[in-house]
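Me: I would like to go through this model step by step, starting with the sheet and moving on to the cysteines and a helix. Could we take it as a series of short questions?

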Amino acid sequence: MSEDIQTIHSIEEFDQCIEKGITLVDFWASWCGPCRMQLPIIDALAKEWGGKVKIVKVNVDENQDLAVRFNVESIPALFLFKDGKVVQHYVGVQSAAVLSGALETAIA
């Protein structure tokens, strides 16, 4: 996993992370095949967008309260936040093009 990706371990850490700016959050689990397919795409985005946006991962097995808070029923689930508010939400594996387009729109 890219060093540009932050792993969230608590609700407080999550809330601080999404509070300001653009943040892409990947809700995932280690046993999830599609999540493993999404990882290289997230890694590439982190390298491309590092410094402009925050990219974080939330393990749903370790952070069930956050998964419940955002009604995550299927993973991978990707949420794009702008200044603490959800501006996009995706379920299932997403292409780099889709996610880059969402990031560009959120920054504009």
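Me: In what order do the five strands of the open sheet lie?
Reply: This is a predicted model, and its open sheet has five strands with mixed pairing. The strands at the edges, each pairing on one side only, are β1 (5-7) and β5 (85-91), and from one strand to the next the twist averages 25°. Read across the sheet, the order is β1-β3-β2-β4-β5.

Me: Which residue in β3 does I5 stand opposite?
Reply: Strand β1 is joined to β3, residues 54-59, by three bridges, and the two run parallel. Strands of a sheet pair through backbone hydrogen bonds, either parallel or antiparallel. In β3, the residue opposite I5 is I55.

Me: What angle does the direction of helix α4 make with that of β4?
Reply: Helix α1 (residues 11-18) packs on the sheet, where it touches β1, β2 (22-28), β3 and β4 (77-82), and its direction makes about 145° with that of β2. Helix α4 (residues 96-107) also packs on the sheet, touching β2, β4 and β5. For α4 and β4, the angle between directions is about 15°.

Me: Which two cysteines form a disulfide?
Reply: A disulfide here requires cysteine sulfur atoms within 2.5 Å, and the count by this rule comes to one. The sulfur atoms of the pair in question are 2.5 Å apart, the link is right-handed with 75° about the S-S bond, and both of its cysteines are buried. The pair is C32 and C35.

Me: How far from C17 is the nearest cysteine sulfur?
Reply: C17 is in no disulfide, although C17 is itself buried, with a relative accessible area of 6%. The nearest cysteine sulfur is that of C35, and its distance is 18 Å.

Me: Within what arc do the buried residues of α4 fall, seen down its axis?
Reply: Helix α4 has 12 residues and reaches 16 Å from its first C-alpha to its last, close to the 16 Å expected. Its buried residues are L99, S100, A102, L103 and A106. An α-helix has 3.6 residues a turn, so residues three or four places apart point the same way. The buried residues of α4 line one face of the helix because they fall within an arc of 160°.

Me: Which exposed residues does the face of α4 turned away from its buried side carry?
Reply: The buried residues of α4 pack against β2, α2 (33-49), β4 and β5. On the face turned away from that buried side, the exposed residues are A97 and T105.

Terms used. Residues numbered from 1 in each chain as written. Predicted model: local features only at pLDDT ≥ 70, side-chain atom pairs only at ≥ 80, totals over all residues. Heavy atoms only, no water. Pairing = 2+ DSSP bridges. Helix = DSSP H or I, 4+ residues; strand = E, 2+ residues; numbered from the N terminus. Axes fitted to C-alpha atoms, helices over the stretch in contact; angles between N-to-C directions. Contact = heavy atoms within 4.5 Å. Buried < 20%, exposed > 50% of the residue type's maximum accessible area, 1.4 Å probe, protein only. Expected span 1.5 Å × (residues − 1). Arc of directions from axis to C-beta.
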